[in-house]
Amino acid sequence: MAACHWILFVCLTLNFCQRAVALERNGCSSSPEETCDFVCDCQDCSDEQGCGYQGRDFVCDFEHEGQCGWTLLSDEGGYMWQRRQRGNTLPDSGPSSDYTTGTSTGWFMAVTAVTTSDTPRTTVLVSPAIKHSSPTCRLRLRYFIWDAGHKGLGDTPLWGSVWQADGEKAVVWRPENTSIRSWREGIIYLGRFSGPFHIQLHSTRSEGMQGDVSIDQMEFLDCALPAPPESGTCGPGFVTCKRDGCVEDYKACDGTDDCGDGTDEENCVYRENFSCDFEDGPCEWDLQTISSLKWKWTNQMNISLSEPLKGPGRDHTTNTEAGHFLYVTKPDVMKSDWTSFQSPPLAPTNETHPCRMVMYTHQFGRVSGGLSVLVAGNQIYPVWERGGALGDLWVKAEVEFVVNSTFQILFVAAIRDQAYGGIAIDDIVLSPECRLSTESMPRPDFPPSPAHPCTDDDLKMCDFMEDCPAGEDESQCGDFSYEMGSSGWTDASIGSQAWELKLEYNETIKEEFLTLTGAPGQQRSEAQTLTPLLGPSGPACTLQFSYSLSGSNPHIGYLAVYVVDGVLGTHPVLWEFSGRTNQTAETWVKEEVYVGARDHRFQLEFRARAEELSSSSQIAVKDVHFVKCFALYEPSGEISCNFEVNLCGWYQDQTDNYDWRLHSGMDHTVHDGRSLVVDMWDTSLRGLSGRLLSVGTYSYTEHCLSFFYKLYGPNTGAFSVKQLLADNSEELLWTRSGAHGNVWHEGHCSVPPQLIGFQLVFEATRSGFDGQLALDDVAFVRRPCSLPTVCSFESQTCGYTSSGRARWVHQSWASANTGPKTDHSLETENGFYMLAHSGVDVLPEGSVTTLTSPVRRGLSHTECVHFWYHTGGKKPGTLNMYVKPTDGSRIQLFSSSIRQGHAWRHGQGNVSWHGDWQLEFEVKGEGDLFSFIAIDDITYSTHSCPTTDRVCDFEKGLCGWSNTQNPSVDMLDWDLTSVQAEMFYSAPPYDHTLFTEEGHFLFLPNSQRDTANQNAWLLSPHLAPTKGTCLSFWVYQATMYDTKLTVWKLSNSEGTRQELLTLHEGGVNWKRFSVNITSDTEYQIVLEGFKGEKGVLALDDIQYTVGVNCAGQKTDQTSSDNTGTIVASVVVVIVLLVLLAVLLVFYLKTKHKADALIQESNVSRISCVGFGNDMYESEPTEG
């Protein structure tokens, strides 16, 4: 520890010298002694840089490498703080984004991983030296604690302390350490430090994953000492400090140095012996009590220096661990849950000369049940009380005693049997009117005992259901419907404003309301009032109330509603209003706030802060009611819903990070109708997921859930459907990710039967930050789903079944450690596909295994079947694809027996069968020892398959071009849109193909998100070696040197790429470009776009002429491998027909009644190619 102190001393000296040099360089007259004091002495505020914060706002967001001067002090065993970003992909641990920008590119401070250790390891992040702070100084920050690896968080995964230059220390912050994958707000109440000090942030763990503990967005608030007024003199009602600052009169002689030089605490007249800072003992306060639980005179050093959760961490007088106070906490053996101490007898007082008491209390942790001050005279009655825990700070309180008999001041503390916390009292100051009495104490009349509740089950109290005959269990829970309901609201304010309950009588009508008033607290924080613990609540739960922010000022203040979860702590704001509702106090605004289903007991909280308290202004709340909140109340509503009126049988999950919202003007069926959306580009969103839950349902037979959705934008995230079971386990039913174009897609997934109740979940995952997710026209019907138009095998097999000698396996590399290392859809080891082992021990030579789809209804026009396949082994076998009519013989669409290497290849075939049919994938073994063939991403399009020589105008999809989902090569996606459909991004005025607003094109738009200069790859299919192929395309690049487009030739066998063309010159019209391509090996074309800050980059009408160069000269003997394959296939078919004609004439006559177009496309692609963007169509159906 001594070594740490020397390190801090050296850091302080170096920091002082560096600032002196910096100030001299900036030509600032301020001396180094005036740096880091929360006052900008230099015009550019350079004296307040690198102080643990930057600039006039005193904020540190860690976006710059200097980390605002924060440095690593300790890294035991390699466990350390480090500045980092989330990265291109959603990690298994740590935040899904930083807090400041809410994106993957924002920076924050996070701990590294720590492997299993016998002794906990600690890392410390330390601030630069800060000169001093005011009593109101607090540090607001965002922190993240999530036990991603389920290793256990321990007692102190994160806590804060202060180390002063003279060696004094204090624990100042111990946040809730429950595991939540979300940023939370924390406030470190620093208080008054008269000399230089460092803030230290500690993390201690024995085991954990990277990023499990993180911090971001630090803001120092109200930390400067009082500044001299502009007029030069302090006005009436203020004390003039020696430093020329001004302090309100009511802050004088209250035991706190508000001036910063002690002026306001000089020449004070106290009642000696009872005004006590407890540094030398308990003074004349009597600590005897009839309770077995006792108050103790102690300090933090005697409580614990090694266990941060024990004790208040510091006293109020000196703000150090050495200072003394009175303290009570839960004993090892809990025999009593209360204790008390009292003053000596005091003389009677009156209204003109009341006895006034100032005190400081510390009520921290769940052990703190509450603190009361009582008068014990002729009667015993409370005059002040504060329930529960108030946070990790000393809170100032004032109590006035007007008693007409000899009395004692009685302090009573209530203690709960919880894990940590306690109650402390310090710096009791009594006014001279509090005089000792020589008379004996009267025998007091004790107040009557409270009525025994009708139930001994605490969980039935305030659970929104009347269990007692007269509803006593719900009568004091905060609902104004009950006569005593308003008394359920308890003020928990710690600052200069507080809530109080007022009663007014208008003729014979009693009106009660909660209103904001002044308070003695030091902090400039919001006033808070809370209900008792409520719930749990059901999905229809709503808070109704009326509110008024009235007065002459246009901005009266701020009012908000919060939920404080009994397990997870305070949730983000539920509702808020800022400004003014009206000028007169008689006008009220009615409001309904959705509370929703809460699984844990919780409290509702009103927070408010007035700009200025006066008799002419008001912030008030009345008519508070809890509506339909009982946990077992099920709202009416169908799961099938078009969202035109409301959410039907769907409701917002209250355990997620953000809500879906109803949006008008973007509807699947009616253009100006409504749908549900999540705007990933919304800069206010934080956190990972937003979830919609259905009402509970039962399903004894298979059901099909169908819906229409959009996944649109260059960085959209993911959309999933899940089944939530009664035991809170979840099963993934369906998922999509990446850009899918500005068009509606139909998705459906099979919902398996369940013998117990379940809920369906629509989940938006904010793994991307620049796009939009929309949902509309949900249908839940009792029947199996038909053959889906898109099957990625990520959650289900889409109804495909296996038959034959061996079975097809639904697997991922992570689950089986065999087959392709990544799937094609997500390009991860966790992605799923269907795999057939074709080794001789599983599938002997000549044997077959078949994967068969559900029945698909025939159409009047040709469809194209696209799929991706992967082969492994020297002789993987033969892969055949057939269409099998329900009333006829199967017809071959595709065949390949060539070893393709470690890559996913693209296959396709046309189907012109007009009746119902099934698709069959057949693998035939060839006797290899270790081999396989895998299938992924089967897609059906409503038009014939594209050919390589056709211009791709994007009116019927991407023609085999696709985005990649490989984060090692790009971060964004090219997306499909039209001017007519575009409502958010800037776009070209028209497409190039049709020259209309209805025509489609691919583009990379600019947006508010911090994704400028990020790239997106668009890849062609695999192309055969060529001596000359011409690539041509049209580009819209309106802004000069903003966006960039680079054309690459990607060689798979060599693992290299060659730059062919780079464009960044811009132009207000579409421009055509062409480039010749030669390659001795198989290759792909990559069109790499870089997003701009101002302009849009768009592509249209892409064409490559295989074997023909840009001069129109034929360069290759054959145009492509496809031609040779097709010719060979035709020859084989002819030979088979001749042989079968001789041997089986009758069989041939019946076999060939089917009139089908047989076309094979043996185009293949490398593993970096992704799924989701090669089949854009208007309203395609998916599964």
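Reader: Is Asp 467 buried, partly exposed or exposed?
Author: This is a predicted model, and in it Asp 467 sits in the loop between β22 (422–430) and β23 (490–491). Buried would need under 20% relative accessible area and exposed over 50%. Asp 467 comes out at 35%, so the label is partly exposed.

Reader: Which residues form a negative surface patch with Asp 467?
Author: Patch members need over 30% relative accessible area and no salt bridge. Asp 467 has 35%. The patch brings Asp 467 together with Asp 456, Asp 457, Asp 458, Glu 466 and Glu 472.

Reader: And the charges of the whole chain: how far apart are the centres of the positive and negative sets?
Author: The protein chain carries 85 positive and 152 negative side chains. Take the centre of each set, and the two lie 6 Å apart.

Reader: Let's go to Trp 295. Buried or exposed?
Author: Trp 295 belongs to the loop between β13 (246–248) and β14 (296–299). The cut-off for buried is under 20% relative accessible area. With just 4%, Trp 295 is therefore buried.

Reader: Which residues is Trp 295 in contact with, leaving aside its neighbours within four places in sequence?
Author: Some of them carry numbers in the 200s and 300s: Leu 287, Leu 326, Tyr 327, Val 328, Thr 339, Ser 340, Phe 341 and Leu 371. The rest of the list is Phe 411, Ala 413, Ile 423 and Ile 425.

Reader: How far apart in space are Trp 295 and Val 412?
Author: Along the sequence, 117 residues separate Trp 295 from Val 412. In space, going C-alpha to C-alpha, the value is 9.9 Å.

Reader: What share of the chain's contacts between residues at least 6 apart joins residues at least 24 apart?
Author: For context, the secondary structure comes to five helices and 66 strands. Of the contacts between residues at least 6 apart in sequence, the share joining residues at least 24 apart is 77%.

Reader: On to backbone geometry. Which two residues does a cis peptide bond join?
Author: Look in the loop between β26 (527–530) and β27 (542–550), where Pro 536 is found. Omega there is about 5 degrees, and the cis bond joins Gly 535 and Pro 536.

Reader: What is phi of Asp 937, and is that residue buried or exposed?
Author: Asp 937 is part of strand β55 (residues 932–941). Phi is positive in this non-glycine residue, near 50 degrees. Relative accessibility is 0%, so Asp 937 counts as buried.

Reader: Where is Asp 1101, and what is its phi?
Author: Asp 1101 lies in strand β65 (residues 1097–1105). Asp 1101 is buried at 10% relative accessible area. Its phi is positive too, near 50 degrees.

Definitions and conventions:
Residues are numbered from 1 along each chain as its sequence is written. This is a predicted model: local features need pLDDT of at least 70, side-chain atom pairs count only at pLDDT 80 or more; totals for chains, interfaces and linings use all residues. Side-chain values use heavy atoms; hydrogens and water are left out. Patches are made of residues with over 30% relative accessible area and no salt bridge: like charges are joined within 9 Å, nonpolar side chains (Val, Leu, Ile, Met, Phe, Trp, Tyr) within 5 Å. Accessible areas come from the Shrake-Rupley method with a 1.4 Å probe; for residues, only the protein chains shown count as cover. A salt bridge is a side-chain nitrogen of Lys or Arg within 4 Å of a carboxyl oxygen of Asp or Glu. Lys and Arg count as positive and Asp and Glu as negative; His and the chain ends are not counted. The place of a charge is taken as NZ of Lys, CZ of Arg, CG of Asp or CD of Glu. Helices (H or I, at least four residues) and strands (E, at least two) are DSSP runs, numbered from the N terminus. Buried means under 20% relative accessible area, exposed over 50%, partly exposed in between (1.4 Å probe, protein chains only). Contact means heavy atoms within 4.5 Å.
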